[in-house]
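Where do oppositely charged side chains pair up in this chain, and how exposed are the partners? The paragraphs below take the salt bridges one at a time.

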Amino acid sequence: MTSSATPLTASSLTQAPPARASGRSRTHVKQDPVTTTILVAVLIVLVMLVLLPLGRVLGEALSADGLAVLSKLASSRTNRSTVLNTLVLGTVVGTIGTLVGFLLAYVQVRVAFRGKRLFHLICLLPVVSPPFAVATASITLFGRNGIISTQLLGQEWNIYGLPGLTLVLSLSFFPVAYMNLVGMLRSLDPAMEEAAASLGASKFTVFRTVTLPMVVPGLGASFLLLFTEAIADLANPLVLGGDYTVLASRAYIAINGEYNIAAGAAYSLVLLVPALLVFLLQRYWSGRSSTVTVTGKPTGSFELLRANVARIPLLAVSVAVLALVVTVYAAVVVGAFVEILGVNNSFTLRHFEYLLSGIGNESMIDTTILALIATPIAGILGMLVAWLVVVRMRRGAAVVDFLGMLGLAVPGTVIGIGYLVTFNRPVALFGVNIIPPLATGSAIAGGAVAIVMVYVARSMPAGQRSGIASLQQIDKAIDEASTSLGASGAQTFRRVTLPLIRPAFLTGLVYAFARSMTTLSPIIFITTPHTKIMTSQILAEVDAGRFGNAFAFCTILILIVMTVIGGLNLLIRGTGAGREPR
């Protein structure tokens with residue numbers, strides 16, 4: 001989204017911590033009390049944001065009621081089916097989404113054609129939309145009385161269940177693989193391909209024997225990332241799942257339908273295990289791939305593919321995929337301006353009038369304000385963690401890095417349930433209440449504090465990874481020189497380090513705002529009547545069958561996100577942070 005700033009790719013979000021050898025030139029934390037204070041404060045915040053809610057989920061899952069649910073997982077056919085459905089969905093979406101992302105990334109980087117900028121923007125469109133905008137539009141287009149399926153093709157497709165979820169989740173998450181693989185393809189050293197071509201190998205042989213093996217680690221990392229996103233998604237299974245139940249929706253039903261928090265925590269624990277295992281495997285894989293396939297400094301440029309025999313089929317398939325994306329989002333926008341899309345297509349502004357005159361207006365203001373509050377907090381916290389991990393800490397850097405990344409690794413459903421069971425009553429330490437209720441109806445500020453905390457926990461890892469990538473390119477001598485001249489750790493961070501990593505900081509802000517505005521899975525458990533969130537309201541409109549209102553909500557949300565991202569991009573250019581070094 002911010003091409004001028006430090007690249008923020010999917011793989012960069014889950015890379016392994018920096019090598020231990022670099023820590024030899026770091027300043028001792030113990031030598032600077034200010035740095036020690038910052039470290040302690042950051043650790044307290046991270047424990048509050050992620051570790052404490054996660055611990056409470058584990059506690060509820062291992063209680064008597066939770067263990068009863070867990071014991072039935074193996075004996076109950078329904079529960080076994082739920083676990084199997086989750087794994088199948090993750091595998092299918094991971095495979096299809098990765099292949100689509102690779103195809104589009106390869107065409108973007110290696111094929112000669114006009115309109116690459118527009119091609120790139122369409123590929124990123126799902127990133128700035130709420131998670132179930134695609135699901136709602138797909139029901140209208142491809143459902144049992146869909147515009148394309150029934151009215152144009154005369155078919156009665158059943159979009160509910162695994163086929164619909166596969167279509168929608170693959171379209172929603174393929175940009176993650178696309179961003180990851182575009183960065184990898186651009187970073188590959190062309191010397192090996194040039195050597196193979198000079199030995200007489202054809203284009204296809206070079207691709208099959210040289211290019212493809214070099215990007216296999218990136219494909220594997222993308223698959224694991226999409227697998228995690230797919231099994232953790234809650235909104236789309238609620239809208240499109242039908243009889244196809246997965247663990248995330250089962251946990252939601254246990255809490256909101258059966259009012260059994262222990263059961264919801266038990267299902268979340270089962271969901272957490274594969275998500276964390278895949279996250280750790282992906283980190284390990286990303287670390288290996290960066291040393292095997294990416295030099296970081298390509299020694300030349302690639303020769304773009306211009307032969308029509310290969311170019312036309314690749315472009316045809318890519319255009320077909322992007323046409324589907326454009327069709328889906330066109331349905332969202334058009335559906336906001338007609339009575340009932342596909343049934344009564346007469347123009348109306350009724351949906352916007354409904355949203356802007358009542359509950360929708362409040363949710364737009366609340367969501368935007370809370371996201372704007374969380375964005376700088378997440379950005380600064382991410383930079384502080386990156387600075388501690390790369391510059392200041394010798395021991396424990398990997399632990400702090402992993403603790404910061406937990407907000408991304410833990411599925412949103414688990415985070416939401418964790419906040420529900422942790423912050424719906426005062427948090428006590430040695431019998432003394434140290435934190436008042438932050439979530440549910442009796443919470444201070446109507447639950448707004450808990451929602452901001454969730455936004456920070458979920459979006460902070462992006463800034464952290466971006467900051468770590470930037471700090472690893474900065475000579476440690478600069479930090480040491482500031483320290484030797486008498487500056488404290490805080491002064492060094494504010495006056496020396498932060499200006500140097502400003503592009504990464506602003507990139508983290510963009511990602512944090514977009515993710516905060518579009519997140520739903522953790523928020524849906526802690527919203528209150530006093531604080532209304534747009535994604536939660538959109539889901540309520542979809543549940544009530546008021547698709548026109550939902551489309552209008554999605555259109556406004558996308559406009560807000562793109563406006564703020566555009567403003568931040570202008571800020572980056574205005575400060576000169578994104579200019580390429582000469």
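In this predicted model, R350 and E339 form a salt bridge, with their closest N and O atoms 2.7 Å apart. R350 belongs to helix α14 (residues 350-357) and E339 to strand β1 (residues 338-340), so the contact links distant parts of the chain, 11 residues apart. Are these two partners buried or exposed, or in between? R350 has a relative accessible area of 40%, and so counts as partly exposed. E339, with a relative accessible area of 23%, is also partly exposed, because the buried class ends under 20%.

A second pair is R250 with E258, where the closest N and O atoms lie 3.1 Å apart. R250 has a relative accessible area of 17% and is therefore buried. E258 stands at 40% relative accessibility, so this residue is partly exposed. This salt bridge thus joins a buried arginine to a partly exposed glutamate.

The next pair is E193 and R110, whose side chains meet in a salt bridge with an N to O distance of 3.2 Å. Which elements does this pair tie together? E193 lies in helix α8 (residues 191-198) and R110 in helix α3 (residues 77-110), so the contact connects parts that are 83 residues apart in sequence. Both E193 and R110 are buried.

How many salt bridges are there by the cut-off of 4 Å between a side-chain nitrogen and a carboxyl oxygen? The count comes to six, among them R350 with E339, R250 with E258 and E193 with R110.

Methods
Residues are numbered from 1 along each chain as its sequence is written. This is a predicted model: local features need pLDDT of at least 70, side-chain atom pairs count only at pLDDT 80 or more; totals for chains, interfaces and linings use all residues. Side-chain values use heavy atoms; hydrogens and water are left out. Helices (H or I, at least four residues) and strands (E, at least two) are DSSP runs, numbered from the N terminus. Buried means under 20% relative accessible area, exposed over 50%, partly exposed in between (1.4 Å probe, protein chains only).
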